Amino acid sequence: MFIALEGVDGSGKTTQAARLAEALGEETLLVREPGGTVAGERIRELLKDGEVRLDPMAELLLFLAARAQLVAEVIRPAMEAGRDVVCDRFSDSSVAYQGSARGLGAERVEELCDLATGGLWPGLTVLLRIHPELAAERMDAQGRTADRFEGEGMELQRRVAEGYEEVASLHPERVRVVDASVDPDRVHLAVMAAVAAVRA
Ligand code: TMP
């Protein structure tokens, strides 16, 4: 099964993706976006660099290039081999960040994601829902240094959160929302319950 974890910056999705992959067993492939391939990791550096100016469409196309490579080189072969795949972000990130928050349009971005991935969408997307303010407090408490997106401040994160809510209401068949404001053990249990519900 192909599962993506989504949420605003600081929602805890990286921790939860790792815990989920571990719980699903050692055959499970864990990947992160952007990244996961040599080309993807280089594109990631460019995208996260606060010094680099990018037009929203250029930004989107870089994310899509990294994703196209990840799908072709890593995700599809793993799925064909029958492995579970857990992805720390996937196309719904582009829809929420570039489509909604950056204003390129959710529907248009969805279509471009579809093109870049050859029509691959997760069987389950777990949306970790948390107030962007609380997520930012957590990142401060962890002493994380802000990247290009986090450094843009609260307004962007609020728009991203709204974008994710739109994604969840448009795709109830594959998106499950989990409350990520509680402690990580409880979030993990809720993520596992969402996976079990889809697998049943
Ligand atoms: P992260 O790995 O720390 O989540 O960083 C990735 C950043 O890139 C994060 O701020 C979200 C952003 N992003 C997009 O804007 N669009 C995308 O399609 C993806 C995958 C990530």
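Colleague: Which polar side-chain atom of K13 or K48 lies how far from an oxygen atom of the ligand?

Modeller: This is a predicted model, and the distances are computed from its atoms. A pair of N or O atoms within 3.5 Å is read as a polar contact. In K13, a polar side-chain atom lies 3.4 Å from a ligand oxygen atom. For K48 the corresponding distance to an oxygen atom of the ligand is 3.0 Å. Q98 has a polar side-chain atom 2.8 Å from a nitrogen atom of the ligand.

Colleague: How much of the ligand's accessible area does the protein cover?

Modeller: On its own the ligand has 480 Å² of accessible area, and the protein covers 96% of that. As for location, the ligand sits in the largest pocket.

Colleague: Which elements give two or more residues to the shell around the ligand?

Modeller: They are α2, α3 and α4. The largest share comes from α4, with 4 residues. Counted by residue, there are 13 around the ligand, and those that come nearest are D9, R44, R89, S94 and Q98.

Colleague: D9 is on that list. What does the side chain of Q157 do with the side chain of D9?

Modeller: The two side chains make a polar contact of 2.7 Å. Q157 belongs to helix α7, residues 154–170. Setting aside residues up to four places away in sequence, Q157 touches V8, D9, Y97, P132, F149 and E150.

Colleague: Is Q157 buried or exposed?

Modeller: Buried means under 20% relative accessible area. Q157 has 5%, so this residue is buried.

Colleague: R89 is also among the residues that come nearest to the ligand. What is the sign of its phi, and how should I read that?

Modeller: The general idea is that most residues other than glycine have a negative phi. R89 has a positive phi, near 80°, and is not a glycine. R89 is placed in the loop between β3 (85–88) and α4 (91–101). Its relative accessible area is 11%, so R89 counts as buried.

Colleague: Is the peptide bond from E33 to P34 cis or trans?

Modeller: Most peptide bonds are trans. The one from E33 to P34 is cis, with omega near -10°. P34 lies in the loop between β2 (29–32) and α2 (38–48), and E33 lies in the loop between β2 and α2 as well.

Colleague: What surrounds E33?

Modeller: Not counting residues up to four places away in sequence, E33 touches R44, F63, R67, L70, C87, D88, R89, F90 and S91. With R67 there is a polar contact between side chains, at 2.4 Å. The relative accessibility of E33 is 6%, so E33 counts as buried.

Colleague: Where is R76, and is it buried, exposed or partly exposed?

Modeller: R76 is found in helix α3, residues 56–80. Partly exposed is the class between the cut-offs of 20% and 50%. R76 has 32% relative accessibility and therefore counts as partly exposed.

Colleague: What does the side chain of R76 reach?

Modeller: A partner can be a backbone atom. The R76 side chain reaches the backbone oxygen of T117 at 3.0 Å. Leaving aside neighbours within four places in sequence, R76 is in contact with V71, T117, G118 and L120. As for C87, 11 residues apart from R76 along the chain, the two C-alpha atoms are separated by 12 Å.

How values were computed
Residues numbered from 1 in each chain as written. Predicted model: local features only at pLDDT ≥ 70, side-chain atom pairs only at ≥ 80, totals over all residues. Heavy atoms only, no water. Buried < 20%, exposed > 50% of the residue type's maximum accessible area, 1.4 Å probe, protein only. Contact = heavy atoms within 4.5 Å. Polar contact = N/O pair within 3.5 Å; in protein donor to acceptor, adjacent residues only side chain to side chain. Near = heavy atom within 4 Å. Areas by Shrake-Rupley, 256 points an atom, 1.4 Å probe, with all protein chains shown as cover. 1 Å grid on protein atoms, 1.4 Å probe; cavity = no way out; pocket = protein on both sides within 12 Å on 5 of 7 lines; lining within 4 Å. Sits in = over half its atoms within 2 Å of the grid points.
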